[in-house]
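Please explain how this structure is put together, taking its disulfides, strand pairings, nonpolar core and aromatic pairs in turn. A formal account in running paragraphs is requested.

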Amino acid sequence: MRRFLIVSLLVPSLAAAAPVFTPGGGIASSRNNPAYEIGQDGIARFSNIDPRTLLGGQSIPTVLSQMGQNTQGLATEIARAQSAEAQAVKQADVGTMVAGLDGAGNVTAPIQTSSAVFGPTPNKNFIPTVYSYINPQSIYAAQGTSTFWRWWDGNSTMRVGGTPITLPHSPYGNQAGTYQSIVLNGTPNGGYNAGCVLCVFMEPDFVKQAAVSAEPPQSGYVPSADGVELYGAVSNTNFDLIVPVASYTATTVVLKDVLSATELSHIQPGMTIFTNSQIPGVTASAPEAADYYMGVISSVSTTNNVTTITVYGWSQQLTTASGAVPSTTSLETYFWKGQTSAVVGIGGFNKGFGRNLFMSYDGSKSGATGNAATSLVHSYAGEEIDMHITNETRAGSVKVQAHTFAINIDPAHTNVITHDSLYAYVGGPLPTYFKTGDECYPDSAGVYDEGAYVSASAWIGGACKLGELESVLKRYDQEIVEFDGRTTGLGYPFRLLYHLSENTAGGGTTQSNVTPKLGIVLDGTQGQGVSNGSLLADLQWNWNGNSGGLALCGYGVNCGFLVDGNGVAHVAPGGAGGGNSLIVGTQLSGHVAALGEYVASDYIYDLLELAKGAKTEFSVNADGNVFADGTISANGGFVSGADITTGLGGSIVFRRSDGKIGTYLYNDAAGNLHIGYGAGGTGQFNVDGIMAASSFTSTALTGTGNAYACVNASGQIYRSATACN
């Protein structure tokens, strides 16, 4: 017959002594030495016991002392540990207090009990592994001295595994515990809670419904048919209890109202208790900046219908209590909006986590501290999602979406979300925060997908190569990354692209045949490069054989500026419209120049200035005057439509064909023009004719009185006292 066994949590010493069950529901010591026996009537009988006999490694007096201290109703609990056969035999004698059994020993009616313990019985040794209820308000549990668990198990806990056991060869020592796996099989078959195998609600509301295919069908509407393996619902959960306050001390709160026994059962040691008492000098600056007193319950007592909750102290969260006494009149009004009198909230929290995965690594378990290794775990993965697709060949038949996060909010009030809100945060000294192992493949639409990251305004390419795009899609430009600036109305997006482009379509995709580019493409399709957009000016590397260099280019074929691989700047040859290379200002209509400068008519500063150190060597002012501190040399002609002015003491030098100084003109202090000559010169001044508007003076033709100025046959001028022949 099936054995149904329920054993109290309070018999660890007997379990360690390895008792055996006798026919009819009794318990006895080892058959080889029946030193004690507990019959069906629950009476314990001992015989042939030496006081030095050890039970579970302890003497009998010690065991009896511990049993008297730590057990409650031992005889009653032992009496419940009867075999299914005995219960089946005696069920007619126990009236309505025990559920009926069928011939196979199966319970035929619902079982109602305050707690239940389940577990296997290997080698006739019962091992408790599943407990349906734990009451942490037990004095032993609250003090952390309970035999089976510590106070942090929580209120109304169902524990699976973790029962303390003695395992001499376990590295956990006296912290060793039993273990139990949970296997849950289910089939979602409808909407709401029928749509999830495991529905988890973080709220004590018995009518909670999962938001799975959540559409009322009564109107004939057919909702989606979603199936969810694990559904979790996190909300701004109400407090389990909100109770008016009569008074506070540094470690207590006295409740104003009388609580029922059921309500009192909802107040347990270890629970957080929240007040609406304002902490002086603290304001609600952020959703997590609590400005109200909180505490942790240590005990609850009721005397003369007055309930007092004792705490370990009151303080702001994440701080240590220092004797503060909450006020019943100075109330917090931001988080506790609308609460106009002193209250405490019990059974709640102030920050919700959908999932909090905590991973840890202790080097002492791996032998890093000099001890022997007791663990081989050296690698962690917070979460892994594997998707296997087999036996399917139809294009576009499967959609995969690993993670989805969406916020539904009133568009008129998006400012309710804090500025530091975010979807994902990664911190710590990790060498790589995000890495993709994407592939280059044709999708169901016949397009090569290579996007590792896609958003409304950004696109980051993946593993495709330009050669693959060329051979399959006849695309000669590969987009690598894109950031979009979008406009309002019907304006086109400005797409900032980094892409690789073949120098000549179909000319090859080796390094020497492609040019990396960074620039703006107006309009077009995200992730599709410049194929259907308008290319604007951009930056190009290795342009026109300029290996290792960078060019600033227009939307045509011309590039204006170059920086070569050595970092030297150049004005690119050729240029836009008519051969212009460098233009400063707005070029006048019809003008063409390799170097042009155009300024407004009221411009008063130099058009060009060249300086060495702090000294200006050459300049052209706004009126076109040229100033040079050094020599101006020209292999060609020199034409001036205005005066040519030299500096003080300056001269105009004429060089001979051999480069030597021949003749030069200069002015003396009186303004007289002189002709000088260099080495090998004659100082002669040869002209086809001289015309003087008033007079002509020569210092070489001096004499007394007036005379004739004559010219001889050689063309020389001489002074003559007589008329010329």
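Cysteine 724 has a relative accessibility of 37% and is therefore classed as partly exposed. The model under discussion is a predicted one. Cysteine 724 is bonded to cysteine 710 through a disulfide with an S to S distance of 1.5 Å. The torsion about this S-S bond is -85 degrees, and the link between cysteine 710 and cysteine 724 is left-handed. Distant parts of the chain are linked by this pair: cysteine 710 belongs to strand 37 (residues 708-711), cysteine 724 lies in the segment after strand 38 (717-720), and the two are 14 residues apart. Unlike its partly exposed partner, cysteine 710 counts as buried, because its relative accessibility is 1%.

In the structure as a whole, 3 disulfides are found. Another of them connects cysteine 196 with cysteine 199, with an S to S distance of 1.6 Å. This link is right-handed, with 80 degrees about the S-S bond of cysteine 196 and cysteine 199. Here too the two ends differ in class: cysteine 196 is buried at 8% relative accessibility, whereas cysteine 199, at 23%, is partly exposed. The sulfur atoms of cysteine 553 and cysteine 559 are 1.8 Å apart and also form a disulfide. The torsion about the S-S bond of cysteine 553 and cysteine 559 is about 90 degrees, so this disulfide is right-handed. Both cysteine 553 and cysteine 559 are buried.

The account now turns to the strands. Strands of a sheet pair through backbone hydrogen bonds, in either a parallel or an antiparallel manner. A closed barrel of 6 strands is present, with the order 12-13-16-15-14-17 and antiparallel pairing. On average, neighbouring strands of this sheet are turned by 45 degrees against each other, direction ignored. Within the barrel order, strand 14 stands beside strand 17; strand 14 comprises residues 272-278, and 3 bridges join it to strand 17 in an antiparallel arrangement. One residue-level pairing involves phenylalanine 274, whose bridge partner in strand 17 is glycine 345.

Strands of the barrel also contribute to a nonpolar core. The largest such core has 20 residues, and those with the most contacts inside it are Val253, Ile273, Ile309, Val344 and Ile346. At least two residues of this core come from each of strand 12, strand 13 (252-255), strand 15 (292-303), strand 16 and strand 17. Strand 12 gives the most, with 4 residues. The surroundings of valine 344 illustrate the packing: leaving aside residues up to four places away in sequence, valine 344 touches Leu241, Ile242, Val243, Val245, Tyr248, Val253, Leu255, Ile273, Phe274 and Thr275.

Tyr248, one of the residues touched by valine 344, leads to the aromatic pairs. What describes such a pair is the distance of the ring centres together with the angle of the planes. The structure holds 11 aromatic pairs. In one of them, the ring centres of tyrosine 248 and tryptophan 314 are 5.6 Å apart and the planes stand at 85 degrees, so the pair is edge-to-face. Since tyrosine 248 lies in strand 12 (residues 241-248) and tryptophan 314 in the loop between strand 16 (306-311) and strand 17 (343-346), the pair ties together parts that are 66 residues apart in sequence. Both tyrosine 248 and tryptophan 314 are buried.

Tyrosine 334 and phenylalanine 335 likewise form an edge-to-face pair, with 5.1 Å from centre to centre and 90 degrees between the planes. Tyrosine 334 is exposed, its relative accessible area being 57%, while phenylalanine 335, at 30% relative accessibility, is partly exposed. Ring pairs draw these two residues into a cluster with Phe239, Phe274, Tyr292 and Trp336. Phe274 thus recurs in several settings, because phenylalanine 274 is paired across a bridge with glycine 345, is touched by valine 344 and belongs to the aromatic cluster.

A further pairing completes the description. Strand 31 (residues 608-612) and strand 32 (residues 615-620) run antiparallel and are joined by 5 bridges. Leucine 608 stands opposite valine 620 of strand 32. Between strand 31 and strand 32 there are 2 residues, and the two strands form a hairpin; in its turn, glycine 613 has a positive phi of about 65 degrees.

How values were computed: Residues numbered from 1 in each chain as written. Predicted model: local features only at pLDDT ≥ 70, side-chain atom pairs only at ≥ 80, totals over all residues. Heavy atoms only, no water. Phe/Tyr/Trp six-rings, centres within 6.5 Å; stacked < 30°, edge-to-face > 60°. Buried < 20%, exposed > 50% of the residue type's maximum accessible area, 1.4 Å probe, protein only. Core = buried A, V, L, I, M, F, W, Y, C linked by side-chain atoms within 4.5 Å. Contact = heavy atoms within 4.5 Å. Pairing = 2+ DSSP bridges. Axes fitted to C-alpha atoms, helices over the stretch in contact; angles between N-to-C directions. Disulfide = S-S within 2.5 Å.
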